[in-house]
Amino acid sequence: MIQAILDGVLTGAIISLGAIGLSLIMHMLRFANFSYAELLAIGAYAALVFDGLFSALVPVLDQAFAPLTLTGALALAMVIAMVVTGLSAVIIDRLVFRRIRLKADPLSMVFASFGVALIIRNVIVLIFGHHAQLYSQEIARAHVLSFDPLILIKPDQVFVLGLALVLMLALHVILTRTTFGFAIRAVAENPTLAQVAGVRLSAIIVAVWIIAGSLSAAAGTLYALTNQLNPLIGHVFLLPVFAATIVGGIGSVYGAVLGGFIVGIASGLALMLLPPGYAPAMPFLIILAVLILRPQGLFGEEPR
Amino acid sequence: MTSLQVEGVEAGYVRDLPILVGVDLVAEAGKLTTIIGPNGAGKSTLIKAIAGLVPVSDGRVRLSGQEITGLRPDLMGEHGLAYVPQTDNIFRTLTIDENLALTLRGSHDPRARITELYELFSALRDKQREKAAALSGGQRQMLAMAMALTRRPQVMLLDEPSAGLSPKIATEVLDMVRGLADQGVTVLLVEQNVKQALRVADHCYILAEGRNQVDGPAAQIANDPVVGEIYLGGKRMNAA
């Protein structure tokens, strides 16, 4: 039970990071972006590429920060991956979604997002293959922090949770302490009024794509740090990330954070209570329950 | 002081389906000009077209001769023009302070300006850390006006600021609008409350079916029974 909750908290932190960006994008651009979770895959694979590059070019970076399996090269690669994924999100928007936004209705963007997801996933398969990969072989030998032999807590998992919380805190500070953050919240609430208040809409949309892409890259990399990396990572996270967004209320950053933890813990507990084959259905059940009981989500606004 | 000129403006939400047809209007510098007319006349569309929120397919909008037609709405403030929408004119999820700070992005010493505005709108000062959603209708209008005033606009466009307010609060709000004009701000006011609008305005335009109908000094329009009967529902105007 405790192990299931701990695993759920860890998964929840990663889902939360992914859900924050999706929540902002869905609220701001008014469409369900089914290609969004592929940004996790772009980030995780970008980190893999840069990790290999930095390890080869600067061998000293290949040293792990004991007791973590995280190396200097991977830490640096993760930062670069966040930038690359943020820019990728902007490019995808410019090439696909922006064009459709200007000419067609939101439903067209939803269908386009399915296509974008397939393209990204298959390009990753083409480049990296179907097989699973690891950032570090040391992951299998990572030692355990807990004293209870039935509870497995690895240093990497503590790091993942800590970094995810730090990133969320950083975003909270930006949103609540800077006028840039006020502008993001203003555009999310009322884009027309935000323009009247002097906010350049297109600039904020670009900024939100960058933030969403960066957080997704962090989520993808952190997941792959404690698990295996494969091209289906985006597909695997699609439903949990959507469930977290809907649970929290579309447009609410704090709702997305809470929603991520709820979905993560519920999915963890489901593994205990249900046959393993049914556990992936848990996000579906959560979405259904929320849509029936509180359609606007925990932090979402009631329609006026 | 800045004046606003609208020349032969044609505008609408859908291409080839204009709501406004050849509308002309001049809001003189430091005066309060009001636009009145029946529902669906195009009053709000005109004010939105001036603010850059509705595409203008023909005609020109100028501020003291400088053309601003089709300028992005977020750039209007830099040209000295501020717009207060009728509804949804504050960010309910932001605090009062955050609403004001947002409109002062990039300006020098925003805190000093916010303090000045709290002097002007003292009812907001005690609630500066509260979410704007907690404000009453009258306080929301005050906040909306304070947000529009942060950058010291030369021209203010107000879309029915008294809508949904009690008669007492509506009078206070419109008196405040009159005060802005008295301080030298050029005000263009769209109002459904005809009697109140004509009370505070210097000049009045009547719009119907997206076209200019009549214009003249507000006092003259208010006392013209023919104009009232034809365009403003006669007895309704006097009863308003």
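## Chain A: an all-helix pattern

Read from one end of the sequence to the other, chain A of this predicted model runs α-α-α-α-α-α-α-α-α-α-α. That pattern reflects 11 helices and 0 strands. The radius of gyration of chain A is 19 Å, close to the 19 Å that the globule rule gives for 304 residues, so chain A is as compact as a globular protein of that length.

Along its principal axes, the C-alpha trace of chain A spans about 55 × 45 × 40 Å. Of the 304 residues in this chain, 49% count as buried. It is also worth a look at how chain A is wired: among contacts between residues at least 6 apart in sequence, 75% join residues at least 24 apart.

## Where chain A meets chain B

The contact draws 15 residues from chain A and 19 residues from chain B. On the chain A side, the elements giving two or more residues are helix H6 (179-189) and helix H7 (191-196). H6(A) supplies the largest share of that side, with 6 residues. By character, the chain A residues touching chain B divide into 7 nonpolar, 5 polar and 3 charged.

## The sheet of chain B

Turning to chain B, you will find an open sheet of 4 strands in the order S2-S1-S4-S5, with antiparallel pairing. Its edge strands are S2 (20-27) and S5 (66-67), each of which pairs on one side only.

At the S5 edge, strand S4 (residues 56-63) of chain B and S5(B) pair in the antiparallel sense over 2 bridges. B:Leu63 has B:Gln66, in S5(B), as its bridge partner.

Terms used
Residues are numbered from 1 along each chain as its sequence is written. Chains are lettered from A and ligands numbered from 1 in the order in which they are written. This is a predicted model: local features need pLDDT of at least 70, side-chain atom pairs count only at pLDDT 80 or more; totals for chains, interfaces and linings use all residues. Two residues are in contact if their C-beta atoms, placed from the backbone, lie within 7 Å. Ala, Val, Leu, Ile, Met, Phe, Trp, Tyr, Cys and Pro count as nonpolar, Asp, Glu, Lys and Arg as charged, and the others, Gly among them, as polar. Two strands pair if DSSP finds at least two bridges between them. The radius of gyration is taken over C-alpha atoms; the globule rule is 2.2 Å times the number of residues to the power 0.38. A residue is buried if 20 or more other C-beta atoms lie within 10 Å of its own, exposed if 12 or fewer, and partly exposed in between; C-beta atoms are placed from the backbone.
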